[in-house]
Amino acid sequence: MLCEKEHRYSQEFENLPIDQGGDGRHKCAGCAYDRGFQDGLQRKEKIDIDLESLDESQAGTVRHKSPHAAYAQGYVDGVKSFYGR
């Protein structure tokens, strides 16, 4: 499925590393971040990015960005949010 969410244009994804290969190719870094944030907010101890289930995106600031790095940042931000930071 193609991602059409506004997070595709969020400036926070500009600093993510470029990733144009492997299983994460063309996956939406914004969707990966959102999933990581929710997992972090729940403080899941067994995490799984599940790249296959992420929407695809070739638009905006998420274009060619690492879904792995986006998920990891989302997870950290979610854990911080859990603790009220």
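What percentage of the 85 residues of the protein chain count as buried? The share is 41%, where buried means under 20% relative accessible area, exposed over 50%, and partly exposed in between (1.4 Å probe, protein chains only).

This is a predicted model, in which local features need pLDDT of at least 70 and side-chain atom pairs count only at pLDDT 80 or more, while totals for chains, interfaces and linings use all residues. Residues are numbered from 1 along each chain as its sequence is written, and side-chain values use heavy atoms, with hydrogens and water left out.

**Figure 1. Overall view of the protein chain.** The chain has two helices and zero strands; helices (H or I, at least four residues) and strands (E, at least two) are DSSP runs, numbered from the N terminus. The C-alpha trace spans about 35 × 25 × 20 Å along its principal axes. The radius of gyration is 12 Å, which agrees with the value near 12 Å for a compact globule of 85 residues; the radius is taken over C-alpha atoms, and the globule rule is 2.2 Å times the number of residues to the power 0.38. Of the contacts (heavy atoms within 4.5 Å) with a separation of 6 or more, 82% are between residues 24 or more positions apart.

**Figure 2. Surface and charges of the protein chain.** About 5300 Å² is exposed, and carbon and sulfur atoms supply 47% of that area; accessible areas come from the Shrake-Rupley method with a 1.4 Å probe, and for residues only the protein chains shown count as cover. The mean positions of the 12 positive and 15 negative charges are 3 Å apart. Lys and Arg count as positive and Asp and Glu as negative, while His and the chain ends are not counted. Each charge is placed at NZ of Lys, CZ of Arg, CG of Asp or CD of Glu.

**Figure 3. Close-up of Ser66.** Ser66 is in the loop between helix 1 (29-41) and helix 2 (67-82). Its relative accessibility is 8%, so Ser66 counts as buried. A polar atom of the Ser66 side chain lies 3.0 Å from the backbone nitrogen of Ala69. Leaving aside neighbours within four places in sequence, Ser66 is in contact with Leu16, Pro17, Asp19 and Ala29.

**Figure 4. Close-up of Tyr71.** Tyr71 belongs to helix 2 and counts as buried because its relative accessibility is 3%. Not counting residues up to four places away in sequence, Tyr71 touches Ala32, Tyr33, Arg35, Gly36, Asp39, Ile47, Asp48 and Ile49. From Tyr71 to Gly84 the C-alpha to C-alpha distance is 20 Å, with their positions 13 residues apart in sequence counted as separation.

**Figure 5. Close-up of two residues with positive phi, His26 and Arg43****.** Most residues other than glycine have a negative phi. His26, in the segment before helix 1, has a phi near 70°. At 25% relative accessibility, His26 is partly exposed. Arg43, in the loop between helix 1 and helix 2, has a phi near 50°. Its relative accessibility of 38% makes Arg43 partly exposed.

**Figure 6. Close-up of Gln38.** Gln38 is part of helix 1. With a relative accessible area of 40%, Gln38 is partly exposed. Gln38 and Asp50 are twelve residues apart in sequence, and their C-alpha atoms are 14 Å apart in space.

Conventions: Polar contact = N/O pair within 3.5 Å; in protein donor to acceptor, adjacent residues only side chain to side chain.
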